[in-house]
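Me: I am new to this structure and would like a close look at a single part, the aromatic rings and what surrounds them. Please take me through that part carefully and then set it within the whole chain.

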Amino acid sequence: MDLWFSEYHSKNVRFSIKVTKQLYSGNSGIQQIDVFESKEFGRFLTLDGFMMLTERDEFIYHDMIVHVPMAAALSHLLSKKDVAVLVIGAGDGGAIRELCRYDCITQIDMVEIDELVVEVCKKHLPQTACSFDDPRLTIYYQDGLKFVRSQENKYDLIIVDSTDPLGPGEGLFTKEFYGNCYNALTADGIMVNQHESPFYENDAFAMQRAHKRIVETFPISRVYQAHIPTYPSGHWLFGFAGKTIHPYTDFNPAKWNMLGLDTKYYNTQLHIGAFALPNYVEEMLREVE
């Protein structure tokens, strides 16, 4: 008998992957955590039945949520003695892995509400959760919304690597949260968040709501895209919000290329192109700006 994992992308659309083995299933008291193995996508993690990552395509998401803001701000960051980054969520470790490749970063604070997610990923997804022992990293197991309230003028970059805006991730899409992130950033700080998909109705509504709140909070707000096969519709957005740094007019591709980082998805030509959005997405963003 075949075993399949299926996720509803809408009431009328399901995305399914044939499973060869279930490696883990447990409930942390916060959410249901499952790890499966498949021939097509390798191992994959789901939370409350929603796809978080697969071994085959996780590099796309993590490249884009980390290297776009780092490359945009690199000229500024290289001139600083200390560079501090806050990551909210990211229990799978992929964003941490990519951040740890930058020698200019001196401090990484990660706030994850569910310690069990980290432990499960360390054991079952070592390709992704491979940098939790970096000495620059401090992990705080608490609510990211509460954590960021007490921070001020501290971080050069905040990465909001959250789940969808329901359950544990709901508070990370509020105007209060974005305002607290603004206050926690330094004078030239940047916030980047996963911005949902523009394609299906419910995802598009969440995307517009988040964009409206970010635009109301930050003087610079742009949206960029990537194509991630296992996420709803495969078309995924990220939000770039800055106080003074613009994601492409302040971008120096030569400086980033000099670092010699070997990436599977991100490159400096893609950096510029990712901000060129389809007309229907631009229209949806204009509706709430």
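Reply: A good place to begin is Tyr248, which at 32% relative accessibility counts as partly exposed, where buried means under 20% relative accessible area, exposed means over 50% and partly exposed lies in between, with a 1.4 Å probe and protein chains only. The model is a predicted one, in which local features need pLDDT of at least 70 and side-chain atom pairs count only at pLDDT 80 or more, while totals for chains, interfaces and linings use all residues. Residues are numbered from 1 along each chain as its sequence is written, and side-chain values use heavy atoms, with hydrogens and water left out.

Tyr248 belongs to one aromatic cluster together with Tyr61, Tyr224, Tyr231, Trp236, Phe238 and Phe275. A search of the whole structure finds 14 aromatic pairs, a pair being two rings of Phe, Tyr or Trp (its six-membered ring) with centres within 6.5 Å, called stacked if the planes are under 30 degrees apart, edge-to-face if over 60 and tilted otherwise. One of these is the stacked pair of Tyr224 and Phe238, with 5.2 Å from centre to centre and 20° between the planes. Because Tyr224 lies in strand β12 and Phe238 in strand β13, this pair ties together parts that are 14 residues apart in sequence; helices (H or I, at least four residues) and strands (E, at least two) are DSSP runs, numbered from the N terminus. Both Tyr224 and Phe238 are buried.

The rings of Tyr248 and Phe275 also have centres 5.2 Å apart, but their planes meet at 55°, so this pair is tilted. The pair links distant parts of the chain, 27 residues apart, with Tyr248 in the loop between β13 and α7 (253–258) and Phe275 in the loop between α8 (268–273) and α9 (279–288). Unlike the partly exposed Tyr248, Phe275 is buried, at 8% relative accessibility.

Between the two strands of the stacked pair there is also a backbone feature to look at. Ser233 is found in the loop between β12 (220–227) and β13 (235–242), and its phi is positive, about 75°, although it is not a glycine. Most residues other than glycine have a negative phi. Ser233 counts as partly exposed, at 32% relative accessibility.

Rings in this model also have charged neighbours. The charged end of Lys264 sits over the ring of Phe59, 4.3 Å from its centre, and Lys243 lies over the face of Tyr182, at 4.2 Å from the ring centre; such a contact needs NZ of Lys or CZ of Arg within 6 Å of the ring centre and within 35 degrees of the ring normal.

To set this part within the whole, the protein chain has nine helices and 13 strands. Its radius of gyration, taken over C-alpha atoms, is 18 Å, close to the 19 Å that the globule rule gives for 289 residues, so the chain is as compact as a globular protein of that length; the rule is 2.2 Å times the number of residues to the power 0.38. Buried residues make up 57% of the 289 residues. Among contacts between residues at least 6 apart in sequence, 68% join residues at least 24 apart, a contact being heavy atoms within 4.5 Å.
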